[in-house]
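Here is a walk through one protein structure. Keep the sequence and the 3D view side by side as you read.

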Amino acid sequence: MDRLPQEVALEILSRLPLLSLVQSKSVCRAWRTFIQDQLLNDPSFILQIMGHCIQKQLYFGDLSSDPNDENVMMIAKKLTIPTLLSFHLVSSCNGLLLLSATHPSFELCIYNPFTRDYVELPKRSHHAGVLGFGFDPTTKKYKVVEISYKRTTHLYFRRRVVRFGMRPASQTAASSVEIHILTVSSNTWRNLGSFPFRFVLQKSQVLVNGKLHWRATTNLIMSFDLATEQFKEVPSPDFIASNRRIHALVVLRGCLSAVSFDDDNEELEIWVMKEYDVKESWVKQFSIGAYVPKILQPNYQCHSSNDPRFHSRKKWIQVLCLLKSGGLLLQYRNKALFVYDPHCRTFQDVEVPREEIPRCLRTVVHVASLNWIGT
């Protein structure tokens, strides 16, 4: 190994999947240094099959491409998981997974897919809500944040009798928003008080600079500092003043990024905040045209460009990550993966082993901390 040129050694190691890289750390000091290079490999992925009776299986996925072939494949390996009745894959941080589980003794757990160990988290006394999972760099501890909505209904009766089993004549509903946090080494959830915003969907949560970020219903970006445990509004891109809106948040090479669209334009735009928390640093990095992966195209051949289902396709695209090749990995309707080349403005489908993963799948970008795994 010492006799090989550095670029040759890096080329060899860059072709290894993450599990093999972890095992290779102990070969020698030079390999350990190379492997800890963040740019060595593309991220790996955790895949969960979605369905009514198949919530008990996870797959570890790696992208693989042949230099002599244009095809890109997702190599999937079934993971051994804890004995749970069913579970939902929430998020990933430093190689650890947060699972929302159905189990007699706990509701949430943190699972290490490499060592197969898991930590049961204490049950919650508050209402379940939007979850966030991250690492506090100041205390070196993991934290779970939950924004819960306690629904309160006020009834107003008109001049008629409301019988048992019937709806009231009129009712209004409001939600009280509360923030709860758990330090993983603790056994107690702490109530941080109320919060004036509602957040949109679990998938909008991203971790940048030690802060969790969500997209609020008011089209704002809100951050939660895991060290200070305080919320703050993050400056939004300039397109917020127009008719465009934030569709989702994503991390691209360590930068907070926003995916946006408007109803009159088929293109998705991706804006990247080059310098964190600086409004002027937002730049439009990518514009992505309409595309439907080949495996799903038969379902759309009968739709014209005037069909509303045609124009809603952009809402079904999830931006996963930026690959080392410069391409963007995207997912369509939780059913198909494809890569967009921003230089050539072309699309390339990713082959997924359908004999093992035949249905819809949830994909979470899995960036493991190689300093932590296997130590």
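The paragraphs below take up a surface patch and then two sheets, strand by strand.

First, a caution. This is a predicted model. Read every value that follows as computed from that model.

Begin with helix α1. The helix covers residues 6-14. V8 has its place there. Is V8 buried, partly exposed or exposed? Its relative accessible area is 33%. Buried would need a value under 20%, and exposed a value over 50%. V8 lies in between, so the residue counts as partly exposed. V8 also has company at the surface. Together with L4 and I12, V8 forms a nonpolar patch. The three residues share about 220 Å² of accessible area.

Now move along the chain to a sheet. Four strands make up this open sheet, in the order β4-β5-β6-β7. Their pairing is antiparallel. Which strands stand at the edges? They are β4, residues 86-93, and β7, residues 118-120. Each has a single partner strand, so one side of each is left without a neighbour in the sheet. From one strand to the next, the twist averages 25°.

Look at the β7 edge. Its pairing with strand β6, residues 108-111, is antiparallel and runs over 3 bridges. Here Y111 stands opposite Y118, a residue of β7.

Go further along to another open sheet. Four strands appear here in the order β16-β17-β18-β19. Antiparallel pairing holds this sheet's pattern. The edge strands are β16, at 245-252, and β19, at 282-288. Each of these two pairs on one side only. The twist here averages 25° from one strand to the next.

How many bridges join β16 to β17? There are 7, and the two strands run antiparallel. Strand β17 spans residues 255-261. One residue pair helps to fix the register by eye: the bridge partner of I246 is S260, in β17.

Step across to β18. This strand spans residues 268-273 and includes E269. Is E269 buried or exposed? Its relative accessibility is 11%. The cut-off for buried is under 20%, so E269 counts as buried. The side chain of E269 also has a polar partner. A polar contact of 3.0 Å joins it to the side chain of W271.

Return to the two residues whose accessibility was given. V8 in helix α1 is partly exposed at 33%. E269 in strand β18 is buried at 11%.

Terms used. Residues numbered from 1 in each chain as written. Predicted model: local features only at pLDDT ≥ 70, side-chain atom pairs only at ≥ 80, totals over all residues. Heavy atoms only, no water. Pairing = 2+ DSSP bridges. Axes fitted to C-alpha atoms, helices over the stretch in contact; angles between N-to-C directions. Patch = residues over 30% accessible without salt bridge, like charges linked within 9 Å, V, L, I, M, F, W, Y side chains within 5 Å. Areas by Shrake-Rupley, 256 points an atom, 1.4 Å probe, with all protein chains shown as cover. Salt bridge = Lys/Arg side-chain N within 4 Å of Asp/Glu carboxyl O. Buried < 20%, exposed > 50% of the residue type's maximum accessible area, 1.4 Å probe, protein only. Polar contact = N/O pair within 3.5 Å; in protein donor to acceptor, adjacent residues only side chain to side chain.
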